[in-house]
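Biologist: I would like to go through this structure with you, one question at a time. Shall we start with the aromatic residues?

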Amino acid sequence: MAGELAAGGAVGLAFSLLYEGVSTLVIKSEQFKPLLEELIVTLDYLKPLIKQIGAGNRELDHPNERVYFENQMEKGKRLIDKLSKVGSWNLLKPYYSNKLVELDRSLSKMLLNLIPQGVRDGQDILVMVRSIEHKLIQMELHGQVQNQNALGGGETRATEPYPPSFPIGLDKPLRELKMKLLNDDRVSMLSVTAPGGSGKTTLAQMFCHDREVKGKFSNRIFFATVSNKPKLDWLQTSLQQFLKEVEENDALLVLDDVWPDSSGTLLEELYQLSEGSSCKTLVTSRSFPKYGSHYTLDPLTNDEAMTLLKNSTSLDHSSGTLDELLKQIVKYCKRSPLAITVVGKSLVKGSIEIWKEKVIEWSKSPSILDEYDILRVRLQTSLDVLCENKPILKECFIDLASFPEDGRIPAGVLIDMWSELHGLHEDDLSIAKLQHLNNHNLAKIVVISKENGYVDTCYSEQFVTQHDMLRELALHQIRQDPVGESKRLIIDICGDDLPKRWTQKKDKLKETRLLSISTDGEFSSKWDHMHLPKAEVLILNFQTKNYTLPKFNSKMSKALKVVIVRNNGLSPAELSNLDLLSSLPNLKRVRLERISISSISLTKKKLKSLEKISMFMCNIGQPSSNNSIQFFEALPNLLEINIDYSNDLKELPAELCDLKYLKKLVITNCHNLSALPEEIGNLSKLEVLRLRSCTMLETLKDSITNFKNLTFLDISDCFSIKELPEDIGQLCKLKTINMRQCTRLQGLPTTIWDLENILEEVICDEETEELWEPFKMIKNLRITMVKEEFNLRWLHGH
């Protein structure tokens with residue numbers, strides 16, 4: 001390929017050298033092999049386009065683009081050359097993994113830019129475009145390879161996150177920060193301080209994306225969310241490598257949410273490094289660090305606070321009486337952005353009389369928000385207002401604290417938890433609780449993609465985040481409520497050191513219903529004896545490449561109903577003793593995240609009580625693998641299977657089709673799945689079949705017409721499917737079909753007419769809607785045309 005592309009000029013030669021470097025390294029490097037293989041896929045897509053550019057057969061929008069493309073290729077080649085010299089540097093692996101993902105991200109976006117919007121309707125081109133778009137989203141789901149695991153709860157980005165669209169009251173602070181850090185040579189480190197929820201993080205994000213800042217530092221910006229339990233060794237190593245790469249050029253270091261008590265040494269080192277160098281450091285913190293200059297972020301002005309409160313309460317009118325009441329609320333909130341937003345949302349549906357009642361109550365209490373603890377007290381009021389008539393919402397809010405700070409919680413995890421803890425046995429009941437919390441700014445729902453005009457009940461692309469101040473409020477609830485403290489135990493283990501609460505409060509463990517354990521990268525899986533006879537939900541958050549489940553005593557074994565194992569590492573981890581789950585006679589739900597299922601060997605003892613298993617970013621293994629056969633054979637009574645983002649899943653194991661009680665099979669974003677087993681028709685009790693975004697899947701087996709109980713079929717974004725089974729009309733209970741973006745479908749079987757008075761709704765796009773033109777006379781059929789929107793805020797960077 002070298003000669004073929006090199007003849008196309010500098011761009012072709014640079015691409016050729018990069019391609020050959022990656023192809024050589026993928027054979028030699030085991031630790032980076034999965035990322036390199038993904039990179040080769042992107043390069044294969046780019047190859048014909050680069051050839052056209054090099055040969056002069058493709059016009060570019062701007063003459064500088066050719067230079068930019070060449071620079072990107074050369075930059076990638078330098079990275080590959082570095083990786084070829086890397087030994088088993090476990091400490092630097094996260095850093096280099098991040099660089100590989102950033103390279104792949106950059107090339108993927110380059111690829112999308114090279115494909116004119118007008119030609120994306122071609123079948124092959126569309127498949128490629130959507131595959132790249134899903135790949136970019138998957139990179140974000142991976143935590144951008146700079147997940148909270150890297151820093152013990154924070155995240156690091158080579159490209160900084162975007163701020164909210166319309167922040168209020170930060171224009172002046174932004175100008176003042178620029179004056180100090182860009183124009184004052186005496187200021188090398190600047191710390192922005194304010195209580196939690198004051199807008200420090202948003203201000204730091206605005207600073208990074210400001211045009212003047214970008215002009216000075218270009219892409220030499222290092223952004224890290226540190227949090228109160230940072231992994232300092234990793235952070236220091238990454239910073240050293242970053243500074244080595246930028247050499248003597250101007251560079252900006254941004255450390256968000258720094259706790260001086262846990263990061264004092266790091267701040268001292270950065271201060272000494274910044275003095276007399278071309279490097280500037282911006283820190284955000286709730287307290288004043290010892291080093292560098294300080295900038296106190298003031299509360300909002302009265303006018304700004306009023307604007308924010310009106311936005312939060314959705315007010316679109318004004319009056320003298322109402323404005324006076326709003327001023328009182330702002331006064332008691334001390335103009336804190338977070339407090340105003342949360343309190344305002346809690347009052348949205350309240351009458352003016354209720355607002356007045358709250359103001360009177362606040363007037364009888366001491367001044368609020370002056371201290372960190374008092375801020376929690378005021379936020380407590382908002383929580384109480386929301387949960388006054390719905391105490392279950394408070395329980396759900398507190399449950400969110402079971403997960404590491406600054407992380408994203410999949411909605412599916414909460415669905416599994418709340419089904420057993422709170423009796424929310426329907427998925428949409430749990431989502432409704434999340435929406436209540438979201439609407440009152442006590443949590444935030446992030447949806448990766450949504451279909452305008454259609455409400456879907458597939459929640460695999462919904463995640464939940466929570467401001468760390470609100471998480472502190474939830475933890476405060478647990479500590480203040482003796483009953484609450486007894487029924488939840490949330491512990492963080494550093495290394496192998498058990499926290500004092502574990503040993504000091506063993507008497508309370510007897511009442512614990514929810515146990516959440518988070519361990520760091522130094523944990524050796526040496527478990528202490530656990531005696532929790534009433535624990536129904538076990539959440540394990542870990543970061544190590546190999547992990548061992550704790551052993552369960554006989555009483556705990558009888559109580560456990562939900563086990564959630566979440567690997568916050570970069571690649572699927574080895575789980576050596578999953579067979580311990582077979583000792584849990586009442587286990588109903590298991591969720592595994594980033595686990596290598598293909599490496600698991602289960603005993604012959606079956607998990608007869610298990611009803612649902614969910615696998616997110618897991619390696620499933622191929623049908624020829626004996627391990628995968630043993631895995632599904634051990635789960636004979638499953639009712640539901642969810643598989644999401646499994647890159648190595650090419651065919652479903654035929655043995656999965658022996659699950660005679662299975663009602664729901666959901667396989668999403670498995671882009672390499674190309675075939676279903678013929679035996680899939682054996683799933684006679686199946687009611688829901690989702691194959692969303694399985695872009696390589698070419699056909700549905702004729703045997704699916706055996707699904708006499710199927711009510712919902714989802715093949716949306718299955719670009720490669722060319723036809724539906726001829727006898728699809730035999731699906732005598734089918735009510736809904738989602739076939740949006742099935743772009744290769746050329747027609748529909750005439751047996752669709754057999755679904756008259758059965759089929760109720762078809763979800764499609766403009767193109768697939770045309771296929772239904774002959775069937776629009778079907779009685780009571782509703783055809784819903786939707787347009788999908790991706791949440792590109794998950795695709796930070798340029």
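Modeller: Keep in mind that this is a predicted model. Phe616 and Tyr645 are both buried.

Biologist: What kind of aromatic pair do Phe616 and Tyr645 form?
Modeller: Their ring centres are 6.3 Å apart, and the planes make an angle of 80°. Planes over 60 degrees apart count as edge-to-face. The pair of Phe616 and Tyr645 is therefore edge-to-face.

Biologist: How many residues apart are Phe616 and Tyr645?
Modeller: Phe616 belongs to strand S18 (residues 612-616). Tyr645 is in the loop between strand S19 (640-644) and strand S20 (664-668). The pair links distant parts of the chain, 29 residues apart.

Biologist: Which residue forms one aromatic cluster with Phe616 and Tyr645?
Modeller: The cluster holds Phe616, Tyr645 and a further Phe. Strand S10 covers residues 462-465. The residue in question is Phe463.

Biologist: What is the strand order in the open sheet that contains S10?
Modeller: The sheet has 3 strands with antiparallel pairing. Strand S7 (409-410) and strand S8 (444-447) are the edge strands, each pairing on one side only. The order is S7-S10-S8.

Biologist: Which residue in S10 is the bridge partner of Val447?
Modeller: S8 and S10 run antiparallel and are joined by 4 bridges. For Val447, the partner in S10 is Gln462.

Biologist: At about what angle to S8 does helix H19 run?
Modeller: Helix H19 spans residues 427-439. This helix lies across S8 and S10. Its angle to S8 is about 115°.

Biologist: How many aromatic pairs does a search of the whole structure find, and what is the centre to centre distance for Phe542 and Tyr547?
Modeller: The search finds 7 aromatic pairs. Phe542 and Tyr547 form a stacked one, with 10° between the planes. Their centre to centre distance is 3.9 Å.

Biologist: Why does Phe542 count as buried?
Modeller: Buried means under 20% relative accessible area. Tyr547 is buried, at 1%. Phe542 counts as buried because its relative accessibility is 0%.

Biologist: Which residue in strand S4 has a positive phi although it is not a glycine?
Modeller: Strand S4 covers residues 251-258. The residue has a phi of about 60°. It is buried, with a relative accessible area of 8%. This residue is Asp257.

Biologist: Is Ser693 buried or exposed?
Modeller: Ser693 is in the loop between strand S21 (688-690) and strand S22 (712-714). Phi of Ser693 is also positive, near 60°. At 1% relative accessibility, Ser693 is buried.

Notes:
Residues are numbered from 1 along each chain as its sequence is written. This is a predicted model: local features need pLDDT of at least 70, side-chain atom pairs count only at pLDDT 80 or more; totals for chains, interfaces and linings use all residues. Side-chain values use heavy atoms; hydrogens and water are left out. Two strands pair if DSSP finds at least two bridges between them. Helices (H or I, at least four residues) and strands (E, at least two) are DSSP runs, numbered from the N terminus. Contact means heavy atoms within 4.5 Å. Axes are lines fitted to C-alpha atoms, for helices over the stretch in contact, and angles run from 0 to 180 degrees between N-to-C directions. Rings of Phe, Tyr and Trp (its six-membered ring) pair if their centres lie within 6.5 Å; planes under 30 degrees apart count as stacked, over 60 as edge-to-face and the rest as tilted. Buried means under 20% relative accessible area, exposed over 50%, partly exposed in between (1.4 Å probe, protein chains only).
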